[in-house]
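Subject: Structure handover

Hello,

Here is the structure I promised you. Please open it and keep it in view while you read on.

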Amino acid sequence: MQVVETFGRYVEKWSETDPARARGLLKTGWEAQDLKLRLAPDKTLSSADQYLARLMMDTMLKPLKDPEHSILVSIFTPCELMQEAGLYPYNVEGFSCYLAGSKAERALLQTAEDAGISETLCSYHKTFIGAAKRGLLPRPRCIVYTSLACDANLLTFKELAALYDVPSFAIDIPAERNDANVAYVAGQLRDLGVFLEKIPEKRSTTQACVSAWRAAGGRWRIMTSFRNGAWTNTFRRIWYRRCIAA
């Protein structure tokens, strides 16, 4: 724990005077943790939890390694279109959790409050704003966010879009679920595809979605055949031998 606290103090200290150096330290520290997760995972965790830990660490490293293909999102933003276009979404809340886990959040919170951000704003959002204002985080390609699930999104992402000077796209989610509101949100998701198409140097969302649809169709046929009994007898025999006959 002492190592983590020392690491966090240096990230905080260097981010005030040399943000690029602090960002390099943060990236190096997280890469070391990523290596540890792969070579010496926590044996008390299930294999699924170990995989999730590696997956999340990779997600947090992407914007530090390749900011040109990274998109800043809110936690409930649907990211499938971005991923199919070869872009890397990462959310404010998750990234701030990792900053806090690295013991580097205190100075970032103070920076946000010194800039006029309310003390009552969500700590995750405030941590990220402070990191952005210090220059600790690289400039994302664009920003996509929704109105779910708290009002902090409306302040945070407008602030970040202005700070980074990047295009942003907001998805408004009505409170009530009905056919009209579903159609309204669906229309916004189509508009999101148009918004992403304007980002240069990425795969076409239309072509990517067609490929994904074809792949999903193949998986659906496999699942359907399984449900219809094509493999049921095989798995029944395996289950009987392993669990009953033994």
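Below are my notes on a pocket, some ring pairs and two strands.

This is a predicted model, in which local features need pLDDT of at least 70 and side-chain atom pairs count only at pLDDT 80 or more, while totals for chains, interfaces and linings use all residues. Residues are numbered from 1 along each chain as its sequence is written, and side-chain values use heavy atoms, with hydrogens and water left out.

**The pocket**

A pocket is an open set of points on a 1 Å grid over the protein atoms alone, where a 1.4 Å probe fits and protein lies on both sides within 12 Å along at least five of seven lines. The largest one holds about 310 Å³ of space, a volume filled by probe spheres set on the points. Its lining (residues with an atom within 4 Å of a point) has 13 residues. Val-4, Gly-29, Trp-30, Gln-33 and Ser-102 lie nearest the centre.

Which helix gives the largest share of the lining? Helix 2 does, with five residues. Helices here are DSSP runs of H or I with at least four residues, and strands are runs of E with at least two. The lining has nine nonpolar residues, four polar and no charged. Gly counts as polar in this scheme.

**The rings**

Rings of Phe, Tyr and Trp (its six-membered ring) pair if their centres lie within 6.5 Å; planes under 30 degrees apart are stacked, over 60 edge-to-face, and the rest tilted. That rule gives eight aromatic pairs. In one of them, Trp-30 and Phe-95 meet edge-to-face, 5.3 Å centre to centre with 65° between the planes. Trp-30 is in helix 2 and Phe-95 in helix 5, so this pair ties together parts 65 residues apart in sequence.

Is Phe-95 buried or exposed? Phe-95 is buried, at 1% relative accessibility. Buried means under 20% relative accessible area, exposed over 50%, and partly exposed in between (1.4 Å probe, protein chains only). Phe-95 also pairs edge-to-face with Phe-128, at 5.9 Å and 75°. Phe-128 sits in helix 7, 33 residues away. Phe-128 is buried too, at 0%.

Ring pairs join Trp-30, Tyr-90, Phe-95, Tyr-98 and Phe-128 into a cluster.

**The strands**

Strand 3 (residues 142-146) and strand 4 pair in the parallel sense over four bridges; pairing takes at least two DSSP bridges. One bridge joins Ile-143 to Ser-168 in strand 4.

Best wishes
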